[in-house]
Amino acid sequence: MSAQSPMISIPKKGTDEVDWTTPIRTAISQSYGEDPDNYSAEYASLQRCRQDAVRGAGSDMTARDLLYKYFGQLELLELRFPEIRVNFPWRDAFTLKLIVQTSLAYEKASVIFQIASTHAAIASSQSRSDPEGVKRAFYYFRCCAGMLTYINENFLHAPSTDLSREVVKFLVGVILAQATEVFWEKCRDEKKGNALVAKIAAQAASMYSTLNEEVKEFMGKGIFDRNWVTVIQIKSKYFASLTQYYRGLADHAASKHGEALVRFQLAETLSKEAHRTASTFNSMFLPQMSPNLPADAGQSLFDLTKVHAALCADRRAEGQRDNDLIYNAVLPVAETLAPVDKAVVATPIPIQEVYGTPEVQKVIGADLFVRLIPLSVHESASVYSEEKAKLVRGEVEKAESAAVEASSALDALGVKAGLPRYRAMVEGGVAGEDEIPSEVRRWREDIGLIEEREGVDALLEKLGTVKDGVRSELDEVGRDLEIESRDCEAMRVKFDHLFTQEPSSGLTKGLRGDLKDHMQALHAAAASDEQVRALWESVKGDVRLLISDEVEGVFRDSARGHDRRESLLDLDMEKDDGEKAKIAGLVQEIEERLGRLNKIERERDQTLKDLKEKIQTDDVSNLLLLNRRNPNVEPTIFAAELEKFRPFQQRLSQTVHHQQIALQEMSQLWKSLKDLAGRGEGARKWDERERRKKESVRRFNRARDGYMDVRDGLAKGLQFYSELTALTATLRQNVKDFVNSRTKERQTLASQAETQQRLSAPTSPPPKPPPPPSSSLDRSFASMSINNGPTSPPLPPPPNSWSSPPPQSVYGQYGVPPPPAQHYPSSPPSATQNKSYPPAPSQSPYGLPPPPKQPTYSQPSSQSPYPSAPPNTRSPYATAPVPPRDPYAALGSLSSFGSPAPPPPPQQRQASYPPPGQSPFPPSGQSSYPPPGPSPYATQGQSYPSAPPSGQPSSPYDYRPPVRQGSAGSPFPPPPPPVAYGGQQPQQPYGAPAGYQGYGSQPQPPPQQGQQQQQPQQYGGYGQYGR
């Protein structure tokens, strides 16, 4: 047909500007507690989206997409801000009345009306002569009806006429009638059956007839255009005529000529009525008055009805002629004809189906306020996340169980360890005979790197150098103490009782104890050094071999054994090629199963990885947000969403099943292989090869362990000697300060004694010496007599004199000259004579020598930092034996021998003699001097123990002065006290530490004989080597 039937479109609503920004800012601040300024871009996007959709948009596809997007954002916005209030001004599409509402539902209904109007305009503008145009027109008419139906079903109490239920219902009827008309045109053009075309035309006629009755109710209200009413009337008559015409054709084909002729007559009558109305409409139609009708609506209807009326007239005349000449059928009454069945072909498309298509979702785009998630949606998403985590945990546990099962099965069978054996039997040689085991290769690399940085030989040389330096320092300390003691005693002999400096033995007891402790520690450490050297010598060859290139030859020789040409194949196997082929086939099948298991494991791991990534990226927050208003929908959504992971679960289950099959086959093949080739000469040779290889590995393992022990011992030894060097330097400095102070004090006292001696000398010539006594005892008494005035010096003692020799030192090898021989007549010789220093107690290489002590002359403490050990049979100051330990263990103990604390301020000189009841010297039977002053290095409130009583061995650092006149057990009175000149207050000697009291100060009482001294600290060393 040249002309197509005109279609009615729905007018659009009008609107004004709307402010979205302020209400949304308020809602974000109050409901979400966030900063509204963070969403400025979202406000602008929403504002621009509305303006593009409802203001200035046309009725084409672009307008449709803009409206789709805006309505989609409104839906998402309502889910986040259900209580938002904005002033929405909209004008009625028919009455043009402006109505303002604050409800978001009003905005949504108006936008949906706009979408329906756009759909109707798109459908009406399609060219239905094109099949694609027919399809688009039919689709968009149905979409328009669906949008309008959604308004009627979801929005009650409409504030405007165009949204009222009656108007919307009428519009739905018009749109569906037009959709049915489009479908009828399609069937007509495709020349479908006359009965089907008649049914569709009957449906269209029925719908237009119903609309014609309904439109009469709106005539007085002035809602719809009057031309709409006329078009509906014309189409009502037109489709009624089409119904009778095509049913008549169907009856004629069915040989119902009488009924067909009557239907042709009815069709002609209806077509004439429709043509008559169309003629009137064409003459009165003005396109400007009906913008929702095509401009050629009048002419199109006129042409359609005219052509159809002519067709009906021709067909009625032809039918009448045929019936009169041929059929002579009886014509039934028109009212008795059977009504034509109707076929419903056009139904509304729901809005959910429209918005569910990917094209529309793509048009809508991302949620503008996607960052704002309501708390309820968060809670539901957390529940879903836990469901996903539970699913992943279950699959991971299954995968791990399968991996453990496979590994345990292979280990139980011994496939990986035993397969090289059978492979070598097939190949006829020793497999991997020139390969170094991985652990040996790792040891080789580690030791090689360590030796490159600093070798063991260099460390041993460094250790010896440090040890020699410590020994030299200690020798110097001993030499200085011996020289100072000799000089002191020389002055005492020279000035007799006028020289009042305290003997050095009591003052140097702590220093000598430290010296002895250091020497003992040095000797014990030297023994440990020898053990380290011995251990190194025992493993040096294997270590050198391990880091050399010859180690490969070692393992090659251990694999081949004594006969380098031997093969793992014995004579029987060489002869039986069939058995060898069977073994090769079994080995190949087992290797294939191992490869299959590895492939299954890789596939399982990859599937797990894909599952985790899929779950990690899965987010149902948007879906939960869209279904927020639906109660109890979460379990259904969760179940549907978890089905997405079902393929991964099935793949994992299949890997487990295939693994079990492969393991079963592996077990059977391995059993067959062991039964076939597990016995015989070849198996025996393989076992022998493995035994030799393991012995070589154990050999290098022992070498590696010994090497690490040597390195550990050398490190501890170097640390020990480093700390001992620091302690030795401290001791040397203390001894130097002590010697300097004593030297200055001795010079001062010697000067005073020389002055007193010079002043007390008589001016008259000395008397003649008395005649020599008749005996040596008389001579001794005569020389010590204080009644005969000054006498000549005593004669030197005979060789077998009882005078005590000068104290010897363990450092006598340094060549220190002894003090001058002096003759002191005294009591018969005792155990103190011919004294010698006992050697250091024999220590185990792992023993613990006693620790050095703090210098007594520089620590202000109420307790002596140099306590003497309890007396024993060797020396009253010797340390008690301790259980043997490594001299380098517990290195932290060396840190206690630091530099002395600052000395206290000097004190005033005290009286020259001690108070009654106090004696600074031992009891009767031992040497006695005038009471010397206290030690210039003794701290306040402390004293040193006196020498042991007669009969006990003396300390190697003890000095016993000769017996003086006036001592207990002597028949002579004590000498007069020394005279102080001018009440002078002697200054503290230069270099003397705090606590020095000088000449004539009151000494501290010694401890009681046999009193238990403080137990010395244990001395540490570095770790033992005998692992």
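The exercises below, each followed by a worked solution, concern a predicted model.

**Exercise 1. Helix pairs**

Determine how helix H16 is oriented relative to helix H18, and then do the same for helix H3 and helix H4.

Solution. Begin with the first pair, where helix H16 covers residues 456–495 and helix H18 covers residues 509–546, and where the two axes come within 11 Å and cross at roughly 165°. Since angles over 145 degrees count as roughly antiparallel, H16 is therefore roughly antiparallel to H18. The handedness is a separate property of the pair, and H16 passes H18 in a left-handed crossing.

Turn next to helix H3 (residues 61–80) and helix H4 (residues 104–124), which pack with their axes 10 Å apart and at an angle of about 160°. By the cut-off of 145 degrees, this makes H3 roughly antiparallel to H4. The crossing of H3 and H4 is left-handed.

**Exercise 2. A salt bridge between helices**

Identify the helices that hold Glu451 and Arg544, and classify each of these two residues as buried, partly exposed or exposed.

Solution. The first step is the contact itself: Glu451 and Arg544 form a salt bridge in which the closest N and O atoms are 3.9 Å apart, a separation to be read against the 4 Å limit that defines such a pair. The second step places the partners, with Glu451 in helix H15 (residues 438–453) and Arg544 in helix H18, so that the salt bridge ties together parts that are 93 residues apart in sequence. The third step takes the accessibilities: Glu451 counts as buried because its relative accessibility is 17%, whereas Arg544, at 32%, counts as partly exposed. The limits that matter here are under 20% for buried and over 50% for exposed. A final step widens the view, since Glu451 and Arg544 are linked with Asp457 and Arg711 in a network of salt bridges.

**Exercise 3. Further charged pairs**

State how many salt bridges a search of the whole structure finds, and examine the pairs Arg188 with Asp189 and Glu643 with Arg646.

Solution. The search of the whole structure finds 48 salt bridges. As background, side chains of opposite charge can pair when their charged atoms come close. In the pair formed by Arg188 and Asp189, the closest N and O atoms are 3.3 Å apart, and Asp189 counts as partly exposed at 44% relative accessibility. For the second pair, the side chains of Glu643 and Arg646 meet in a salt bridge with an N to O distance of 3.3 Å. Glu643 is partly exposed, at 44% relative accessibility, and Arg646 is likewise classed as partly exposed, with a relative accessible area of 38%.

**Exercise 4. Positive phi in loops**

For His157 and Asn328, find the value of phi, and then locate the loop in which each residue lies.

Solution. The expectation comes first: most residues other than glycine have a negative phi. His157, which is not a glycine, nevertheless has a positive phi of about 55°. This residue lies in the loop between helix H5 (131–154) and helix H6 (165–189), and His157 is exposed, with a relative accessible area of 78%. Asn328, also not a glycine, has a positive phi of about 50°; its loop runs between H10 and helix H11 (351–355), and at 54% relative accessibility Asn328 counts as exposed.

**Exercise 5. A nonpolar patch**

Name the residues of the surface patch that includes Leu325, and assess the exposure of Leu325 itself.

Solution. The patch is nonpolar and consists of Leu325, Ile326 and Tyr327, which together have about 330 Å² of accessible area. Leu325 is part of helix H10, which spans residues 297–327, and because its relative accessibility is 66%, Leu325 counts as exposed.

**Exercise 6. Separation in sequence and in space**

Compare sequence separation with C-alpha distance for Ile200 with Phe239 and for Gln51 with Leu66.

Solution. Ile200 and Phe239 are 39 residues apart along the chain, and their C-alpha atoms are separated by 9.3 Å. Ile200 lies in helix H7 (residues 194–218) and counts as buried, at 0% relative accessibility. Gln51 and Leu66 are 15 residues apart in sequence, with a C-alpha to C-alpha distance of 9.5 Å. Gln51 belongs to helix H2 (residues 40–54) and, at 38% relative accessibility, counts as partly exposed.

Key. Residues are numbered from 1 along each chain as its sequence is written. This is a predicted model: local features need pLDDT of at least 70, side-chain atom pairs count only at pLDDT 80 or more; totals for chains, interfaces and linings use all residues. Side-chain values use heavy atoms; hydrogens and water are left out. Patches are made of residues with over 30% relative accessible area and no salt bridge: like charges are joined within 9 Å, nonpolar side chains (Val, Leu, Ile, Met, Phe, Trp, Tyr) within 5 Å. Accessible areas come from the Shrake-Rupley method with a 1.4 Å probe; for residues, only the protein chains shown count as cover. Helices (H or I, at least four residues) and strands (E, at least two) are DSSP runs, numbered from the N terminus. Buried means under 20% relative accessible area, exposed over 50%, partly exposed in between (1.4 Å probe, protein chains only). Axes are lines fitted to C-alpha atoms, for helices over the stretch in contact, and angles run from 0 to 180 degrees between N-to-C directions. Angles under 35 degrees count as roughly parallel, over 145 as roughly antiparallel, 65 to 115 as roughly perpendicular and the rest as oblique. A crossing is left-handed if the near helix is turned anticlockwise from the far one by less than a right angle, and right-handed if clockwise.
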